[in-house]
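Me: Can you walk me through this one? I'll ask as I go.

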Amino acid sequence: MTSRTLPSGPVAGIAAGVLGLGIAELIAALAGGASPLLALGDRVIDLTPRWLKEAAVATFGTADKPILLACVALVTLALLGVAGALAVRRLALGVGMLLVLGAVDIAALLAERSGNGTASPTTGTVALVVGLAIGITSLVILTRRLRKQDAPTVATTEAEAPDGFDRRRFLVAASAVTAAGVASGVGAKVVTARRHPATKVAIPATVSPAAPLPAGAELRIDGLTPHLTPVDDFYRIDIALLTPRLDVADYRLKIHGLVENPVELTYQDLLAMPLYERRVTICCVSNEVGGDLIGNATWTGVRIRDVLKRAGLDPDADAVKSTGADGITIGTPLEALTDGRDSLLAIAQNGEPLTREHGFPVRMVVPGLYGYVSATKWLTELEVTRFADFRAYWTDRGWSAEGPIKTACRIDIPGQETMPGTVTVAGVAWAQHRGVSKVEVRIDDGPWQPADLAAEDSIDTWRQWTYRWDATEGEHQVQARAFDRSGQPQTDDEAPPAPDGATGYPTRTVTVG
Ligand SMILES: Nc1nc2c(c(=O)[nH]1)N[C@H]1C(S)=C(S)[C@@H](COP(=O)(O)O)O[C@H]1N2
Ligand SMILES: [Mo]
């Protein structure tokens, strides 16, 4: 579309809207308010039906959030264009539409949870109202010459434009307004990043370092998942677009509920307790068979049982309901936190303080349980309670209250094509807190053959495996299955992730030639 045929009404609407939103974002960022755009995105996530969410995650993986934001932005731009077109016909219609869009965003902002350390929804709302006023003013000015005095004629192209309309001047003005809006938006991003620099904290020495990695636990095969997952490659699952930004200076962890004496711990209090370092593989319940929503890291932190002991447990309790600053609630069996496994309030991942994405400053890590029932990030509260007395974020949405990780494995190599001859089949297998005792491979529904296992790191981590396959030309099906230490193989029942974890053999169709 050339500048000649660009319809002026929509151009004016989009320019005015971008300016208003940009200013709103900038004021919100400067004043510590919640972002109007992210609030809208969060409401869309909340209102999205579960089947659509699952389809989005299945299709886009962890890119689902940026794609969602892009969709929200596109729809918003389209609606702004409509508002501009309406404003040319009748100003009141265009302004009315902007007011409706603003009202929707205000509703989204007010529904935003203002947890410990997250930006204020009220301040975000004030910022949006200012932005809205500026947007409406810009719309009035930009479309002024496009409206005929008394005839509600459509005047969208130069030929139809009313007298006194200078298209070149209009486009210059619209571009300047849009540019100012974009600049404000970029400014908002910069301000937010500056305001919350990655907090520097030093992790004290641990009383119990992780055991050295056994020789032979890391097979170093090209294409095989490394035993330790770098933090930057670690999968991420968040319910919210607004990643909480907590400050260690005013961080408080409340431990209350069925306890003898409620406790409140600061970050310094936690650092002063004995720190343990352990390698634990955590996994998402949404992980499909063969999926990559799983990662292994060295976690450093305080044992949850030590913290609970400080508060003193009521014998009636059977669960801990934890809360994250993003508003999530997670229910964990008390037993998994006290039975002797190394359940941690982690403050570091792979030797570095947690990143904001992975729960800075404190998160839970519980060997053997899916993340949605155990791995609370941005942890602010532990309420000792009973499963009968509460529901958590995901159980409210149909997922099981308890989520032990199911024995499973993944085939990393070969890919879908390979050369004939000896081919290395390799992958990882996991059965957290039970341990992997065996992996088997079969080709084209033939007999199961034992794979070679890497040395075992611990029963709480995954284990690499390899198998040498004499591949002949043609299309073949490669399958694998893992066994836990009790000798129990993973099930071949094919089940989707909901409600308590996917099952079935990972299968790769390989073309050899
Ligand atoms: N506060 C908070 N904690 C959370 C979540 C979340 O959305 N908010 N997601 C959970 C889920 S479903 C999983 S699988 C793990 C993922 O942790 P990661 O993002 O560090 O990999 O965190 C869990 N803890
Ligand atoms: Mo998850």
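Me: Which residues does UniProt list as "transmembrane region"?
Reply: The unreviewed UniProt entry lists residues 12-34, 67-86, 91-111 and 123-142. Positions are in the numbering used here, feature names are shortened, and annotations may be inferred rather than shown by experiment. The model itself is predicted: local features need pLDDT of at least 70, side-chain atom pairs count only at pLDDT 80 or more, and totals for chains, interfaces and linings use all residues. Residues are numbered from 1 along each chain as its sequence is written, chains are lettered from A and ligands numbered from 1 in written order, and side-chain values use heavy atoms, without hydrogens or water.

Me: How much of 67-86 is helix, and how much strand?
Reply: Residues 67-86 are 100% helix and 0% strand, with end C-alpha atoms 29 Å apart. Helices (H or I, at least four residues) and strands (E, at least two) are DSSP runs, numbered from the N terminus.

Me: And 123-142?
Reply: That span is also 100% helix and 0% strand, and its end C-alpha atoms lie 28 Å apart. Helix H6 covers residues 121-143 and reaches 32 Å from first C-alpha to last, close to the 33 Å expected at 1.5 Å a residue (1.5 Å times one less than the number of residues).

Me: What caps the N-terminal end of H6?
Reply: Ser 120 does, with a side-chain oxygen 3.3 Å from the backbone nitrogen of Thr 122. A polar contact is a pair of N or O atoms within 3.5 Å; within protein, one must be able to donate a hydrogen and the other to accept it, and residues adjacent in sequence count only if both atoms are side-chain atoms.

Me: Back to H1. Why is it described as largely enclosed by the rest of the structure?
Reply: Because 17 of its 24 residues are buried, meaning under 20% relative accessible area (over 50% is exposed, in between partly exposed; 1.4 Å probe, protein chains only). H1 runs over residues 8-31. Just after H1, Gly 32 takes a positive phi of about 75°.

Me: New topic. Which residues are closest to ligand 1?
Reply: Tyr 235, Asp 326, His 358, Arg 363 and Lys 377, out of 18 that surround ligand 1 (a heavy atom within 4 Å).

Me: What about polar contacts there?
Reply: Oxygen atoms of ligand 1 feature in each: 2.7 Å from a side-chain N or O of His 358, 2.7 Å from one of Arg 363, and 3.0 Å from a polar backbone atom of Ile 237.
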